[in-house]
Amino acid sequence: MTDLSLSIPSPLHSRIEHRAAQAGYADVGEYVRDLIEQDLASAEDIAWVREKIAEGEASGFIDRDAREVLREIVADRRARRG
């Protein structure tokens with residue numbers, strides 16, 4: 001494991017300590033590691049969504065009403081179910 005050192009203003013440090021204890025973390029380091037892991041996972045999720053949006057945009061657009069297209073999709077799925 002690698003150590004990371006950073007400076008935090010005292011009022012913020014107090015809030016972080018309180019929050020870490022309140023959330024059941026063993027210490028501030030555990031809390032900060034968890035926050036970083038959550039942020040990295042969120043960034044991966046956001047990148048995936050952006051990729052899917054780009055794929056959708058690259059596939060082209062239609063000039064039809066979205067509600068009409070959705071109704072057709074639903075009707076098609078119902079017909080396939082029998």
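Buried, in this talk, means under 20% relative accessible area. Keep that cut-off in mind. The model is predicted.

Let's walk along the chain, starting with helix H1. H1 runs over residues 10-22. Its 13 residues should span 18 Å at 1.5 Å a residue, and the end C-alpha atoms are 18 Å apart, so expectation and model agree. Ser 14 sits in this helix. Ser 14 has a relative accessible area of 44%, so the residue counts as partly exposed. After H1 comes Gly 24, and its phi is positive, near 85°.

Next, the aromatics. How many aromatic pairs does a search of the whole structure find? The answer is one. The partners are Tyr 25 and Tyr 31, in an edge-to-face arrangement. Their ring centres are 5.2 Å apart, with 65° between the planes. Why edge-to-face? Planes over 60 degrees apart get that label, and this pair has 65°, so the label follows. Are the two rings' residues buried or partly exposed? Tyr 31 has 13% relative accessibility, which is under 20%, so Tyr 31 is buried. Tyr 25 comes out at 21%, so Tyr 25 is partly exposed.

On to helix H2, residues 28-58. At the start of H2, a side-chain oxygen of Asp 27 comes to within 3.1 Å of the backbone nitrogen of Gly 29. H2 has 31 residues, and they should span 45 Å at 1.5 Å a residue. The end C-alpha atoms are 45 Å apart, so that agrees too. Just after H2, Gly 60 takes a positive phi of about 105°.

Stay in H2 for one residue: Asp 34. Asp 34 is partly exposed, with a relative accessible area of 22%. The side chains of Asp 34 and Gln 38 are joined by a polar contact of 2.8 Å. A reminder on helix geometry helps here. An α-helix has 3.6 residues a turn, so residues three or four places apart point the same way.

Two separations across the chain. Asp 34 and Leu 12 are 22 residues apart along the chain, and their C-alpha atoms are separated by 17 Å. Ser 14 and Ile 36 are also 22 residues apart in sequence. Their C-alpha atoms are 19 Å apart.

Now the largest pocket. It holds about 390 Å³ of space. Which helix gives the most to the lining? That is H2, with five residues. Among the lining residues are Val 28, Gly 29, Val 32, Arg 33 and Ile 36. The lining also includes Met 1, Thr 2, Asp 3 and Leu 4. Leu 6, Ile 8 and His 13 belong to the lining as well. By class, the lining has seven nonpolar residues, three polar and two charged. Note that Gly 29 turns up twice: in the pocket lining, and as the partner of Asp 27 at the start of H2. Ile 36 is in that lining too.

Last, helix H3, residues 66-81. H3 has 16 residues and reaches 23 Å from its first C-alpha to its last. That is close to the 22 Å expected at 1.5 Å a residue. How many of the residues of H3 are buried? One, so H3 is hardly covered, given the cut-off of under 20%. Just after H3, Gly 82 takes a positive phi of about 95°.

Methods:
Residues are numbered from 1 along each chain as its sequence is written. This is a predicted model: local features need pLDDT of at least 70, side-chain atom pairs count only at pLDDT 80 or more; totals for chains, interfaces and linings use all residues. Side-chain values use heavy atoms; hydrogens and water are left out. On a 1 Å grid over the protein atoms alone, a cavity is a set of points where a 1.4 Å probe fits but cannot get out, and a pocket is an open set with protein on both sides within 12 Å along at least five of seven lines; lining residues have an atom within 4 Å of a point. Grid points are joined across faces, edges and corners, and a volume is the space filled by probe spheres set on the points. Helices (H or I, at least four residues) and strands (E, at least two) are DSSP runs, numbered from the N terminus. Ala, Val, Leu, Ile, Met, Phe, Trp, Tyr, Cys and Pro count as nonpolar, Asp, Glu, Lys and Arg as charged, and the others, Gly among them, as polar. The expected span of a helix is 1.5 Å times one less than its number of residues. Buried means under 20% relative accessible area, exposed over 50%, partly exposed in between (1.4 Å probe, protein chains only). Rings of Phe, Tyr and Trp (its six-membered ring) pair if their centres lie within 6.5 Å; planes under 30 degrees apart count as stacked, over 60 as edge-to-face and the rest as tilted. A polar contact is a pair of N or O atoms within 3.5 Å; within protein, one must be able to donate a hydrogen and the other to accept it, and residues adjacent in sequence count only if both atoms are side-chain atoms.
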